[in-house]
Amino acid sequence: MKAFYSTRFVLPLPPGHRFPMGKYQRLRDRLVAEQPGVTLAQAEPASDAELALAHAPRYIAEVAQGTLSATAQREIGFPWSEAMVERSRRSVGASVLAARVAQAEGVAANLAGGTHHASADAGGGYCVFNDIAVAARVLQREQQAARGLARPPRVAVIDLDVHQGNGTAAIFAGDASVFTLSLHGEKNFPFRKVAGDLDVGLPDGAGDADYLDALDLALVELDSRFRPDAVFYLAGADPHEGDRLGRLKLTYDGLMARDRRVFDWAWRRRLPLALSMGGGYGHDIGTTVQVQMNTFAIALEYWRRWQNVAR
């Protein structure tokens, strides 16, 4: 199974910064050591033209040139640097590549991504560009042209990060070709939600049973309202009980059951699935990486199912 990374490009963050930048390299190192079935490749940066499918050209230029206002930069949560720009482009590029590969192989992944707080003309919550929105637009454009379709393929975004995907919802508002599902902590960030197609807010402290029941109902509703041709899955590690920002109480087993539900939902409909990691802020960052390793193990299992069908 192919997975794309951008770990060579590390943001120079000030001492004490809350964002756990080291988790990406730790995930990559563990995949290399423990998952020989995952083939890793460095992502190429998304171009301005690709970014402009989901973002305002002025915003793209201001990010690239470091001319965002101080307020806008604070909303992102990172100090500006050339590394921030390059890594953000490559994180988007990783999801673009994963979406393309998934069309051929059924499942592919981005070791980062899930930057769902970035809207068309602003970043936020450690998100500069919205990798899922850009990758969905690229996929729609390329598949429509390659297959001579009268309309773009329909895309479902299943966002199971603990924080609501406000940026993704804003970008796709009113777009009938994309369905956004977000299952998140109702009282968690962002405090001003942007309505998507299906938003399910959970109370603080919700555990495995409540979460999985809500997910089951959400997938049934998605199925009744929309027929996608492809799926983007944000498998946030931050619903885990050990997350310092999550406020939910899912166990490793609960999160693995979550992942299986999503992969099985897509598999039964033979929908290619592009995976992104989303957020994760464990008190012990090793717990975040373990959640992600568990997700990759399940993704690899379903990728192998696709390869057996292809034979």
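User: How far does helix α1 (residues 23–34) reach from its first C-alpha to its last?
Analyst: Good place to start! This is a predicted model, where local features need pLDDT of at least 70, side-chain atom pairs count only at pLDDT 80 or more, and totals for chains, interfaces and linings use all residues. Residues are numbered from 1 along each chain as its sequence is written, and side-chain values use heavy atoms, leaving out hydrogens and water. Helix α1 has 12 residues, and at 1.5 Å a residue (times one less than the number of residues) the expected span is 16 Å, close to the reach in the model, 16 Å.

User: What counts as a helix or a strand here?
Analyst: Both are DSSP runs, numbered from the N terminus. A strand is a run of E with at least two residues, while a helix is a run of H or I with at least four residues.

User: Which residues of α1 are buried, and why do they line one face of the helix?
Analyst: Buried means under 20% relative accessible area, exposed over 50%, and partly exposed in between, with a 1.4 Å probe and protein chains only. Seen down the axis of α1, the buried residues fall within an arc of 105 degrees (taken from the directions from the helix axis to the C-beta atoms), so they line one face. As background, an α-helix has 3.6 residues a turn, so residues three or four places apart point the same way. The buried residues of α1 are K23, Y24, L27 and L31.

User: Which exposed residues does the face of α1 turned away from its buried side carry?
Analyst: Look at the side of α1 facing away from its buried residues. The exposed residues there are V32 and A33.

User: Is Q35 buried or exposed?
Analyst: Q35 is in the loop between α1 and β2 (39–42). Leaving out residues up to four places away in sequence, Q35 touches R30, M293, A297 and L300, where contact means heavy atoms within 4.5 Å. Its relative accessibility is 16%, so Q35 counts as buried.

User: What kind of aromatic pair do F19 and Y281 form?
Analyst: Rings of Phe, Tyr and Trp (its six-membered ring) pair if their centres lie within 6.5 Å; planes under 30 degrees apart count as stacked, over 60 as edge-to-face and the rest as tilted. The whole structure has 12 aromatic pairs. The rings of F19 and Y281 are 6.2 Å apart, centre to centre, with 70 degrees between the planes, which makes the pair edge-to-face.

User: How many residues apart in sequence are the parts that F19 and Y281 tie together?
Analyst: F19 lies in the loop between β1 (2–5) and α1, and Y281 in the loop between β8 (273–276) and α10 (285–310). Both F19 and Y281 are buried. The pair therefore ties together parts whose separation in residues is 262.

User: The charged end of R87 sits over the ring of which residue?
Analyst: A charge sits over a ring if NZ of Lys or CZ of Arg is within 6 Å of the ring centre and within 35 degrees of the ring normal. For R87, the charged end is 4.4 Å from the centre of the ring of Y24.

User: How many residues of β7 are buried?
Analyst: A230, F232 and L234 point one way from β7, while V231 and Y233 point the other way, and all are buried. Strand β7 is therefore largely enclosed by the rest of the structure, its buried residues being five of the five.

User: How many bridges join strand β4 (residues 155–159) to β7?
Analyst: Two strands pair if DSSP finds at least two bridges between them. V155 stands opposite A230 in β7. Strands β4 and β7 run parallel, and the number of bridges joining them is five.
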